[in-house]
Amino acid sequence: MKRVVIIGAGYAGILTAKKLAKKIKKQGDVEITIIDKNPFHTMLTELHEVAAGRVDEDSIKISLSKVFAGRKVNVALDTVTDVDFESKLIKGEEASYEYDYLVMAAGSKPTTYGVPGVDEYTLKLWSYEDAILLKDHILNTFRRAAAETNEKERRRMLTFYVVGAGFTGVEMVGELAEYVPILCEKFEIDRKEVTMVNVDGLSRPVPNMPEKQSAKIAKRLDKMGVELCMNAFVTRITENSIVFKRNDKEEERSVGTVIWVAGIQSCTIAETAADALEKQRGGRIPVDKYLRSTKDESVYVVGDNMYYVPEGDTTSVPQMVENGEQSAGAAAHNLAAAVTGQGEMEEYKPSFHGVMVCVGGRYGTAHVGFGKHFIGLPSFLAMFAKHFINIIYFIQVLGWNKVFSYMKHEFFTVRNCRSFVGGHFSNRTPSFLLVPLRFWLGAVWLFEGIMKVVEGWFSKPMLEGFFGGANGWYDSILNAAGKAADAVSSATTAAANTAAADAVSAATGAAAAGAADAAASVGHVIFNWNILGLFKMIFVSGADLASSTLNDLAFKLDVPIINWFVNKCILSNDGVQMAMQIIIVVLEILIGLALMGGLFTSPAAAGSLVLQFMFVCTTGLYLNTFWMIFAGIAVLIGAGRSIGLDYYAMPALKKWWRKLPLIRKLYLYND
């Protein structure tokens, strides 16, 4: 048995475990263990959203037991304290773990640069716990400030300094600036009493981006009421003040909250390992081109803990999520080759696609591209790219389950319009208001099914007349449309050769008469959804369109494949025709009953839409039933949970469904 142990379930660690498990799933002699102190994976790039109250705290954590369900990966909840590389033994607070191959993916921690007071008087933002603590702190600060009668003390309490103007710092202060007006309104505090400052020794915010993007960020923060204090080096922090040096002058300012996001370094266990192996700046461990430690080939290092300078570059790969994801894939491949003795190892050749920054939930900027070709994206596209990339990552980690959860948190339940699409997709209408619509849609389907039984759909073929009638109407109206168009053309020619006023009057009368005759000769008017059909319909209707009853108008979608299927596979065989009739009737009755009772509402609404599509492709869809399409869409999601049997059935069904091993392995469920 060969044992692979991964320390850390961050971005790099969790993907290394998943990819390796997939590559060696047929190997019975390999054991994979991942060790982390938490039973969940944390979305570190989304911490600011929780800290500033935009999304629920559960949205940034992913259960490890769900991620590795049905996979040959053991999850050990423990805090690693030491690694004995000679004995190949990992020591934790709860147990010890032997290994043949070790993957160091322990991640990073904030660095204080030795500034006095940072540990004692600042809040950090580098873990799930940090985000929860900061969220509660901000809310409590506004609660206490609302009750403070001394204006000077209240202003001090409402002074927030974010130290660090890199990715995390800008995103945190931007999120806070978006949250402050909401809190001010809630607690009845004057917005002018709140001070927000982003301070850093850098010359501009997020220097990893081009100056143009940095300028956009600075402009946005200024618009949101954030003071940018650049070229300022923090020298000391006390309980109620922050001291920084700028232009060779030291300034001390009163402060209520200091959020420290000034930089990172490898976490303690990675630094300890680096001391025993080889150490670079920030506690990072040098690796070779296969991501193995330069001092121990049984140790692989990925993500923030690795120090690697790709060929042709002069600096190490960045401590970014994209590097974590790409290094995880390379390490998994090389580990699989090492433990199985099959295949060749591959050199790690990262290809990064740029960076982006969100300044609150509604604005962002990005610098993206391939190779040496990069462009800046405007806000909307930058925010879209951010969410799209997150979804791609979630597909890898927890499939549909996390994708659905993410979209729900970011779009469908977001409040105060804190999304780059505003609040347009957020659910605000109580679902019980859809109950009458759901019930009526079901009643119409039930009535349609019962009437077909009465008409004899269970005893003799009826589909040829059902489908053919509409086609006959359609052909008739097209012929009438052609005649009317010819009449209009002739009248128009006559108008060109006579007095203008009399000719126009004659043309209008001729067109109207032709249209009236055409409409009288046909019981129904059918639009074909193409330009010719629409053009002819205009001339058929003429001046009398307003006098036509809307229920006589219908739409027909001409789909050749469906027409061929109906004519060749259904209408040509009485047995098949009878079977199709019975299926249609049964479906109409079942859909009707399900919608009326609110049982399996989503599948029933989907079935309603499928039947409507089939009918519009064969018989035409009349305007008096057109509403059924929009009703089916309206009740498609969640309408059965209000005053319906789904209130009882769906929780029990979901509980049973997500216990199935295959379903858990494929993540085909919603929490």
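This text goes through a predicted model of one chain, from its overall make-up to one strand and one helix.

The chain has 671 residues, 47% of them buried. Its secondary structure consists of 21 helices and 28 strands. Among contacts between residues with a separation of 6 or more, 67% join residues 24 or more positions apart. The accessible surface is about 32400 Å², and carbon and sulfur atoms account for 58% of that area.

Strand β12, residues 159–163, is a useful place to start inside the fold. Of its 5 residues, 5 are buried. In a regular strand, side chains alternate between the two faces of the sheet. In β12, T159, Y161 and V163 point one way, while F160 and V162 point the other way; all are buried.

Which strands run parallel to β12? One is β13, residues 195–199, joined to β12 by 5 bridges. Within this pairing, V162 has N198 of β13 as its bridge partner. Another is β18, residues 257–260, which is parallel to β12 and joined to it by 4 bridges. Here V163 stands opposite W260 of β18. The connection from β12 to β13 includes helix α7, residues 167–187, and the three elements form a right-handed β-α-β unit.

Further along the chain is helix α10, residues 321–340. From first C-alpha to last, α10 reaches 28 Å, close to the 28 Å expected for its 20 residues at 1.5 Å a residue. α10 is also mostly covered, with 15 of its 20 residues buried. Just after α10 comes G341, which takes a positive phi of about 75 degrees.

Key:
Residues are numbered from 1 along each chain as its sequence is written. This is a predicted model: local features need pLDDT of at least 70, side-chain atom pairs count only at pLDDT 80 or more; totals for chains, interfaces and linings use all residues. Side-chain values use heavy atoms; hydrogens and water are left out. Helices (H or I, at least four residues) and strands (E, at least two) are DSSP runs, numbered from the N terminus. Buried means under 20% relative accessible area, exposed over 50%, partly exposed in between (1.4 Å probe, protein chains only). Contact means heavy atoms within 4.5 Å. Accessible areas come from the Shrake-Rupley method with a 1.4 Å probe; for residues, only the protein chains shown count as cover. The expected span of a helix is 1.5 Å times one less than its number of residues. Two strands pair if DSSP finds at least two bridges between them. A crossover is right-handed if, with the strands pointing away from the viewer, the path from the first strand over the helix to the second runs clockwise.
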